[in-house]
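Welcome! Let us take a friendly walk through a protein model and see how its parts fit together. Have a look at the structure below before reading on.

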Amino acid sequence: MRMLRALQGALLLLAITTATYAYAISPSVPTFSEACRLAWYQYDSDLPLHPTLKPLDTTSTGIRYLLTYDSIHDQRVTAILALPKQGKAPYPAVIVMHGSGGNKDSSYVKASAEMLNGIGCAALSIDAQYCGDRKRPERSGDIFLPNSYTARDAWVQTVVDLRRAIDYLQSRPDIAKNRIGYLGFSMGAMLGSVLGGVDSRVAALCLAVPGGGFVQIAEHIASYPLLRAHWPITINPQVMKVIQSVSQITDPIYYIGRIAPRPMLIFTAKYDEIIPPAASKALVTAARNDKNLRVIEVNSGHILNPEIIFTIRDWFQKHLLR
């Protein structure tokens, strides 16, 4: 596995420094460098899931279950599946992904799942690698910080875990296989930018306060004191070399453009104290701007106004319920 990863990395670096054929030929045909990036997120789709499902509790709109299933690298993913009390199977479904410091049952994740159940959608939330029930000593759940190869591997693991969540949903007869959406917050929104770019089965996305352009943000980290407090790095040539290497695999700007023409809603925050405006702009710029992309700037900080839940509800009603 290490040899394979080293070979993939070498090929990617070679692609960056050499000419590649034009992407303009077709958006569906990746360049050599894109193909190398995409290879990091491939897996054996016939890998057995071995799911376990146990009753958890009920809410006003749904019935919740503790779910576990197998992913790559012998990882067991911990999750919550919430099935709606209303509506009729097969249900549309939305994967809800937490942000940094969160988990599959964070308050905003649970509230989002209840909202989705209320309109007749199933909801599935997972713990990212090193988060929630997957915590490990001396491992950070901030897997989006690109100054660590361990974080890179955890990022790739989590994206594949999300792809396995789609596998699980599509294995259920009570879920509509072609109506699976994604809702992510902060780090979860950045993970969703990559997931949507590598997996065409995601039918519609809502990304709340994501960012991109990791190398450029690192180069100007001194200009973002609150982010620097969250990401305490000292910039020097050796650190920048790691950030440049990791970002080639993890930065959402390399994947989000592959989502179009699927519907995508992006929330940015005008007064975001964690995601710099330059990071929000970099990701929005990288998205292919077509009629199915909607960007909303909210007058708030990184913690969004609760009222956005109604916009999110309307978005998924429009694009998943039919």
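## A walk through the fold

Leaving aside neighbours within four places in sequence, Tyr41 is in contact with Trp155, Val156, Val159, Val160, Arg163, Val194, Val198, Ile249, Thr250 and Tyr255. Please keep in mind that this is a predicted model.

Tyr41 also appears in a wider group. The largest nonpolar core has 70 residues, and those that touch the most other members are Tyr41, Leu124, Ile126, Trp155, Tyr182 and Met264. Which helix gives this core its largest share? That is α4, with ten residues. Apart from this core lies another one of 27 residues, including Val96, Val109, Met115 and Leu320. There is a broader pattern to keep in mind here: in soluble globular proteins, nonpolar side chains tend to be buried together.

**The sheet**

Next, find the strands. Nine of them form an open sheet with mixed pairing, and their order is β1-β2-β3-β5-β4-β6-β7-β8-β9. At the edges are β1 (52–58) and β9 (293–298), each of which pairs on one side only. From one strand to the next, the twist averages 20 degrees.

To see one pairing in detail, look at β4 (residues 91–97) and β6 (residues 175–185). These strands pair in the parallel sense over six bridges. Val94 has its bridge partner in β6, namely Gly181.

**Helix α4 and its partner**

Helix α4 (residues 149–171) lies across β1, β2 (62–70), β3 (76–84), β4, β5 (122–126), β6 and β7 (202–208). Relative to β4, helix α4 runs at about 160 degrees.

How do α4 and α8 (residues 237–250) run with respect to one another? Their axes come within 10 Å and cross at roughly 5 degrees. That makes α4 roughly parallel to α8, because angles under 35 degrees count as roughly parallel. On the α4 side, the contact is made by Tyr149, Arg152, Trp155 and Val156. On the α8 side, Val242, Ser245, Val246, Ile249 and Thr250 take part. Trp155, Val156, Ile249 and Thr250 should look familiar, since Tyr41 is in contact with them too.

**A helix with two sides**

Helix α9 (residues 277–286) is a good place to practise telling the inside from the outside. The buried residues of α9 are Ala279, Ser280 and Leu283. Why do they sit on the same side of α9? They cover an arc of only 100 degrees around the axis, which puts them there together. The general rule is worth learning: an α-helix has 3.6 residues a turn, so residues three or four places apart point the same way. On the other side of α9, Pro277, Lys281 and Thr285 are exposed. The cover over the buried residues of α9 includes α5 (187–198), α6 (214–219) and β8 (264–269).

One residue of α5 deserves a visit. Ser193 is placed in that helix. Is Ser193 buried or exposed? Its relative accessibility is 0%, so Ser193 counts as buried. Beyond neighbours within four places in sequence, Ser193 is in contact with Leu207, Pro252, Tyr255, Ile256, Ile259 and Leu283. Leu283 is one of the buried residues of α9, and Tyr255 is also a contact of Tyr41.

**Special spots in the loops**

Some backbone details stand out in the loops. The table gathers two cis peptide bonds and two positive phi angles.

| Feature | Where | Value |
|---|---|---|
| Cis peptide bond, Ala89 and Pro90 | Pro90: loop between β3 and β4 | omega about 0 degrees |
| Cis peptide bond, Ala260 and Pro261 | Pro261: loop between α8 and β8 | omega about 10 degrees |
| Positive phi, His50 | loop between α2 (32–39) and β1 | phi about 45 degrees |
| Positive phi, Tyr130 | loop between β5 and α4 | phi about 70 degrees |

Neither His50 nor Tyr130 is a glycine. His50 is exposed, with a relative accessible area of 52%, whereas Tyr130 is buried at 12%.

The loop between β5 and α4 also holds Leu145. With 9% relative accessibility, Leu145 counts as buried. Not counting residues up to four places away in sequence, Leu145 touches Ala151, His230 and Trp231. Leu145 and His230 are 85 residues apart along the chain, and their C-alpha atoms are separated by 9.6 Å.

Conventions
Residues are numbered from 1 along each chain as its sequence is written. This is a predicted model: local features need pLDDT of at least 70, side-chain atom pairs count only at pLDDT 80 or more; totals for chains, interfaces and linings use all residues. Side-chain values use heavy atoms; hydrogens and water are left out. Buried means under 20% relative accessible area, exposed over 50%, partly exposed in between (1.4 Å probe, protein chains only). Helices (H or I, at least four residues) and strands (E, at least two) are DSSP runs, numbered from the N terminus. The arc is that of the directions from the helix axis to the C-beta atoms. Contact means heavy atoms within 4.5 Å. Two strands pair if DSSP finds at least two bridges between them. Axes are lines fitted to C-alpha atoms, for helices over the stretch in contact, and angles run from 0 to 180 degrees between N-to-C directions. A nonpolar core is a set of buried Ala, Val, Leu, Ile, Met, Phe, Trp, Tyr and Cys residues joined through side-chain atoms within 4.5 Å. Angles under 35 degrees count as roughly parallel, over 145 as roughly antiparallel, 65 to 115 as roughly perpendicular and the rest as oblique.
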